Amino acid sequence: MAFFIASSPHAHSRRSTPDLMKWVAICALPGLIAQTYFFGWGTLIQLILAIIVALSLEAFVMVLRKRPPMSALRDNSALVTAWLLAIAIPPLSPWWVVVIGLIFAIIIAKHLYGGIGQNPFNPAMIAYVVLLISFPVQMTSWISPIELQASPVGFVDALSLIFSGFNIEGLSLQQIRSGIDGVTMATPLDGFKTALMAGHTAREALAQPQFGAIAGLGWQWVNLAYLIGGLLLIKLRVISWHIPVSFLASLVVISGLFMLLTPDQTASPLIHLFSGATMLGAFFIATDPVSASTTVKGRLIFGAFIGAMVFIIRSWGGFPDGVAFAVLLANMCVPLIDYYTKPRTYGH
């Protein structure tokens, strides 16, 4: 019988899986704080709900598999999956969105393939894409940053909207998103793409109120916070630099090239870097050690492919952001990438 192992070089570390997952969650805290500050308490409420649901599902599946549930709960993988999904969905999404998403993530995308270490796709991104395709209205109902809201949504209102669909005054999420002028605020990437489709130039699209000095108001600082957390992950050697750097470099090079060729139809590299889920995807999603490439050259190719696909989907796809789709497409290519980037065996 053949004995297959991942190709060298091998990383030797005394850190366990629970420790690595714990540091991923800790380094995501700056981004979580920024999201809560700019988009309200909904993100924090979704996170608490997601953690409870994910841990419950993890324990339930382990019992069905006749394995000790505590061993799975201690590895913190369910915690990280819940964390990534909770911060990826709109803060005021209905509670059942999180529940359905985690059922797909934990039961189907993870345990159906054998549990942690066996899943070919990132569980959180599988859940996100399933939700986005199945419930597009709920998954695109982002509220504007607090600085653009006519009346910011407080903790009690956020709790009521998530679990009942209305705030304490009886207003629905759609009514709150429309504000006093009756215009529903779109996310920066969505607003930019919609403006271009309506015949406006890139400069005219960037004149919309949701854009700031760097990128979208609120979004630019959220991405900066995830960048800080991601750099900390690299410094602590929880992740390697290859995937994030190649991801971001690919996105910058391609968007910069198209901006030179078609300046009136392309967002600047800064817009792409600091809008949507760019930094979250580069440092916390694409670097999943299970579903990403295992070779050094493979990681560079893997990250560059994701960056290119993000630009393509954002520019010509049907969705304003493309990080989740790009990561899943790259996950499909991992066996091929690893096959052609295996380093030579010593002595050959």
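A residue counts as buried when its relative accessible area is under 20%. Keep that cut-off at hand while touring this predicted model.

Start by selecting phenylalanine 325. Its relative accessibility is 19%, so phenylalanine 325 counts as buried. Add phenylalanine 319, which has a relative accessible area of 27% and is therefore partly exposed. Display both rings: phenylalanine 319 and phenylalanine 325 make a stacked aromatic pair, with 5.2 Å from centre to centre and 25° between the planes.

The structure contains 12 aromatic pairs. For another of these, select phenylalanine 39 and tryptophan 142. The ring centres of phenylalanine 39 and tryptophan 142 are 6.0 Å apart and the planes lie at 75°, so this pair is edge-to-face. Where in the chain do phenylalanine 39 and tryptophan 142 sit? Phenylalanine 39 belongs to helix H2, while tryptophan 142 lies in the loop between helix H8 (136–139) and helix H9 (155–164). The pair thus links distant parts of the chain, 103 residues apart. Both phenylalanine 39 and tryptophan 142 are buried. Now add Trp219 to the selection: Phe39, Trp142 and Trp219 form one aromatic cluster.

Next, move to helix H1, residues 17–27. Which residues of helix H1 are buried? Select Asp19, Met21, Val24, Ala25 and Cys27. To see what surrounds them, show four more helices: the buried residues of H1 pack against helix H2 (29–39), helix H5 (77–88), helix H13 (219–235) and helix H16 (278–285). Helix H2 is also the helix that holds phenylalanine 39, which returns the view to the edge-to-face pair with tryptophan 142.

Technical notes. Residues numbered from 1 in each chain as written. Predicted model: local features only at pLDDT ≥ 70, side-chain atom pairs only at ≥ 80, totals over all residues. Heavy atoms only, no water. Buried < 20%, exposed > 50% of the residue type's maximum accessible area, 1.4 Å probe, protein only. Helix = DSSP H or I, 4+ residues; strand = E, 2+ residues; numbered from the N terminus. Contact = heavy atoms within 4.5 Å. Phe/Tyr/Trp six-rings, centres within 6.5 Å; stacked < 30°, edge-to-face > 60°.
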